[in-house]
Amino acid sequence: MKKNVYFVQVDISACLGAQNAYLPYTAGILAANAWQSEVVQNAFCFKEFIFLREEIEAVVTRMEHPAVVAFSNYCWSTEYNKALAAAVKAKYPDCIIVFGGHNVPNDVSFLEQFSFIDVLVHGEGEETVQKLLETIALGQELGEIPNISYRDAQGQFVRTFSQMPKGLDYPSPYLEGWFDELMQKHPEITFNAILETSRGCPHQCAYCDWGLLKSKVRLFPLERVKAEVRWMAEHKIAFVWGADANFGLFSRDLEIADALVEAKETYGYPERMRMNYAKNNYENVFEIVKKFKACNFDRIGATLSFQSMSPVVLKNIGRSNSELEFYKNLLTKYNKEGMKTYSELILGLPGETYESFTAGIGKLFEIGQHFVFEVYGCILLPNAILGQKETIEKFGIDTVRTEIIRPHFQNVAFDIPEYNTIITQTNSMSREMWVRSMTFFYIAKAFHGNGLLRAFAIYLFIEKKVPYEVFYDGFINFFEAHPDLLTAKLYFEIKKHAAEQAKGENNRKLTFEPCGDIIWDDHEFLVLHLLEKLELFYEEMLPYLKQYSIPEDIFEDLLAYQKAIMRRPNDSDQTVLLQYDVHQFLSDVYINQAHPLQKKTHRLLMKDTQVQQNWRDFGKIVVWFGRMGWSSYKDDISEV
């Protein structure tokens, strides 16, 4: 009689009754490859993918005498997996519990901590899981299986030898029908999917768990990838997330981009997609982003990420960036074409200081990245170079465990929260400076990226040589000195939130009442509240802005322009009389062709071509979907 096997890969945001969910691609490719083996086919019966965050008791009750339950673990699923695995083990003590995935350390520590786990799979799992099931079926010893840890008959922990995977000729779970039954069973769900065209990364960045693997880039067969794209279109997959570390690195990626565009134009699906783009082949990436822009495929655009602008930090993390002049020219090229780019920094990297971090954000603005930028806390991944004991000791790394909060979802707590381990202190940055750095980012993101004071900041930088970081850092002291201002009270809210994060106490969710019970990122929380009280906001900012001694007529123009151009619900158009060419001045700065502000009396008509009728729709379409600054301003500007 065949023994039953279950695979578990739960989506962090998809509970029972969810409207959207990811297909469990990792579990699917593991199962598809394992069942190529006749030994596995003859010994085991695949029962089910557990992919929704259902009640633990309901899942265990539904299981039919499981012999093996295999769990795919990342930071967003590990706690749920632990709870489910413990419950399965309690009811079925002979069931073999297998844990694998990025969140499983490359040692026996999970076995030491969790008695309900029997086997750990380290690294890529396709060949290992197949061999593991064959070995169990044949009643053989586990010691000959590479890349696993287990308890032997005496209860001793064993870590077997490491062996690199041979290739990528694994069967596709999409094309082999592994998800057909699942999708038929859940017609109420709009499914998203993972597209993996390559595996591995040529870089060895210390914060990423690809770095420690030192893995060569291997390619899935091109025809298989194109067939998967067609499958996704035919099965009405709404959103595709590209799993590649460097999409655009190879010339064939242009063909894959064409296949995605053709699928959308033919079937209407996938509706949207997101890729992690290569950092060393900008010509390919530019062409791909241009193709995607033409069919409104990717809302964020090309990735021009730096992680840090500090040479000290880059050396510490084993990363090198191109010269800033190169990035400046590249941003100019994208901005002239109206094509989006996205840049990110990571806070908490070894060697970073408050001064270098804020100067880095200022440098981003200086080279032309005024819109789409993000800062992430540095997650200490167990299999990254930064996660190793010697690296932690070398750089004085201190971490906290923080609950993962999903913005843009309703404020409903998970029964089983998930956590990240983030760096909040190093020997170069105290925890207090981490809090100030994160708060600085929230202010810069709201005021510059979302455009509330971008015109003032750019004018002061171009005309008065005021560094961007000095301008935005000054608001922190201003708010501390004027705590009764509405804007200051909001500032103290996001500062408090950052301080809670730094201590691992970030259970509080930030909401904006007119949008309902929806969770917002800190800068979004700030933007929404300030847009609701826009006149009051600018009134409160006058004392700070006046200290820069901007000529009165120019000041009035900048203020009138800022007030009129901001998008708000039920605000279709604004007309403003200006004495200077503020709009042309800013437009030229965006393409790195700065010139002095010119005297020119004229009237501007500013229209919003997609007016949202209420705050809930505005929050969703403008602040969330159009986040990172591209949708903050009215989009049809003309002289009248």
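How many residues does helix H6 have, and how far does the helix reach from its first C-alpha to its last? Helix H6 (residues 126-138) has 13 residues and reaches 19 Å, close to the 18 Å expected at 1.5 Å a residue, where the expected span is 1.5 Å times one less than the number of residues. Helices (H or I, at least four residues) and strands (E, at least two) are DSSP runs, numbered from the N terminus.

This is a predicted model, in which local features need pLDDT of at least 70 and side-chain atom pairs count only at pLDDT 80 or more, while totals for chains, interfaces and linings use all residues. Residues are numbered from 1 along each chain as its sequence is written, and side-chain values use heavy atoms, with hydrogens and water left out.

**Helices and burial**

A residue is called buried under 20% relative accessible area, exposed over 50%, and partly exposed in between, using a 1.4 Å probe and protein chains only. In H6, the buried residues include Val129, Leu132, Leu133 and Ile136, and just after this helix Gly139 takes a positive phi of about 70 degrees. Helix H4 (residues 78-91) has 14 residues, which should span 20 Å at 1.5 Å a residue, and its end C-alpha atoms are 20 Å apart, which agrees. Among the buried residues of H4 are Tyr80, Leu84, Ala85 and Val88.

**Nonpolar cores**

A nonpolar core is a set of buried Ala, Val, Leu, Ile, Met, Phe, Trp, Tyr and Cys residues joined through side-chain atoms within 4.5 Å. In soluble globular proteins, nonpolar side chains tend to be buried together. The largest core here has 175 residues, and those with the most contacts inside it are Phe7, Phe447, Leu452, Phe471, Tyr472 and Phe475. Helix H16 (residues 431-449) gives the largest share of this core, 10 residues. A second, separate core of 26 residues includes Leu84, Ala85, Ile97 and Leu120; Leu84 and Ala85 are buried residues of H4.

Leaving aside residues up to four places away in sequence, Tyr472 touches several residues, including Phe365, Phe440, Phe447 and Arg454, where contact means heavy atoms within 4.5 Å.

**Backbone in the loops**

Two residues other than glycine have a positive phi, as the table shows.

| Residue | Phi | Loop | Relative accessibility |
|---|---|---|---|
| Asn147 | about 65 degrees | between H6 and strand S7 (148-151) | 11%, buried |
| Lys236 | near 55 degrees | between helix H9 (222-234) and strand S12 (239-242) | 54%, exposed |

The peptide bond from Tyr269 to Pro270 is cis, with omega near -10 degrees, and Pro270 is placed in the loop between helix H10 (252-267) and strand S13 (272-274).
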